[in-house]
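Reader: I would like to go through this model term by term and hear what stands behind each description. Please set the value beside the cut-off wherever you can.

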Amino acid sequence: MTMADLILENDGYSGGTTAIDAAFASVPWLNFDGDRLVARQSAAIASATRCPVLLASSFKEYENMAVQLATEESGRKQLQEIRDCLISHRYNDLENPLFNSTNFVSSLEKAVLKAWEVYDKKLEPTDIDVSHG
């Protein structure tokens, strides 16, 4: 994947896992702005990178953006800027939960233990917030 210049997401079902892989490989991806959760995952992940997001709201805009990014100097420059941003955040932004795997795993473990506690003690379901330690 690291050899790619750009990943093109499909309409309707974005690639949540592909977006995570792209972020870690520092490869920009172009997505649609969908109206369902499965269509918005990739855009949400792109936003979480704290880098510019390539987001189209129509097929025509998507097509135009893809062509511009692939063929024009300004598009190639934009892709390189996003790639540089992804690289920088991947290795330097440990406050970003997307790139801090250790913190993510720790928070996930805390959430699972809290969910088990609620279930085991037959408590009422509640929101689980692990954002503050």
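Author: Let me begin with a crossing: that of H1 and H2 is right-handed, a crossing being left-handed if the near helix is turned anticlockwise from the far one by less than a right angle, and right-handed if clockwise. Helices here (H or I, at least four residues) and strands (E, at least two) are DSSP runs, numbered from the N terminus. This is a predicted model, in which local features need pLDDT of at least 70 and side-chain atom pairs count only at pLDDT 80 or more, while totals for chains, interfaces and linings use all residues. Residues are numbered from 1 along each chain as its sequence is written, and side-chain values use heavy atoms, with hydrogens and water left out.

Reader: Why are H1 and H2 called roughly parallel?

Author: Helix H1 (residues 16-25) and H2 pack at an angle of about 20 degrees, with their axes 8 Å apart; the axes are lines fitted to C-alpha atoms, for helices over the stretch in contact, and angles run from 0 to 180 degrees between N-to-C directions. Angles under 35 degrees count as roughly parallel, over 145 as roughly antiparallel, 65 to 115 as roughly perpendicular and the rest as oblique, and therefore H1 and H2 are roughly parallel to each other.

Reader: Which residues of H1 and H2 meet?

Author: From H1 come Gly 16, Ala 19 and Ile 20, and from H2 come Gln 41, Ser 42 and Ile 45, where contact means heavy atoms within 4.5 Å. By class, this contact of H1 with H2 has 3 nonpolar, 3 polar and no charged residues, given that Ala, Val, Leu, Ile, Met, Phe, Trp, Tyr, Cys and Pro count as nonpolar, Asp, Glu, Lys and Arg as charged, and the others, Gly among them, as polar.

Reader: What makes H3 and H4 roughly perpendicular?

Author: The axes of helix H3 (residues 59-71) and helix H4 (residues 73-92) come within 5 Å and cross at roughly 90 degrees, so under the angle classes already given H3 and H4 are roughly perpendicular to each other. The residues of the contact of H3 with H4 divide into 3 nonpolar, 5 polar and 2 charged.

Reader: How do you know that the strands of the sheet are paired, and in which sense, parallel or antiparallel?

Author: Two strands pair if DSSP finds at least two bridges between them. S1 and S2 pair in the parallel sense over 2 bridges, and 3 bridges join strand S2 (residues 29-32) to S3, again running parallel. The result is an open sheet of 3 strands in the order S1-S2-S3, with parallel pairing. Strand S1 (7-8) and strand S3 (54-56) are the edge strands, since each pairs on one side only. Within these pairings, Ile 7 stands opposite Trp 29 in S2, and Asn 31 stands opposite Leu 55 in S3. Helix H2 (residues 37-48) lies across S2 and S3, and runs at about 135 degrees to S2.

Reader: Why is Ala 25 called buried?

Author: Buried means under 20% relative accessible area, exposed over 50%, and partly exposed in between (1.4 Å probe, protein chains only). Ala 25, whose place is in helix H1, has a relative accessible area of 15% and is therefore buried. Leaving aside its neighbours within four places in sequence, Ala 25 is in contact with Met 1, Thr 2 and Arg 83.

Reader: What makes His 89 buried and Asp 84 partly exposed?

Author: Both follow from the cut-offs just given: His 89, in helix H4, counts as buried because its relative accessibility is 18%, whereas Asp 84, also found in helix H4, counts as partly exposed because its value is 42%. Asp 84 and Ser 26 are 58 residues apart in sequence and 7.6 Å apart in space, C-alpha to C-alpha.

Reader: What is there to say about the phi of Ser 26 and of Lys 122?

Author: Most residues other than glycine have a negative phi. Phi of Ser 26, however, is near 60 degrees, a positive value in a residue other than glycine, and Lys 122 has a positive phi of about 55 degrees although it is not a glycine. Ser 26 lies in the loop between H1 and S2 and, at 5% relative accessibility, counts as buried. Lys 122 lies in the segment after helix H5 (101-120), and with a relative accessible area of 73% Lys 122 is exposed.
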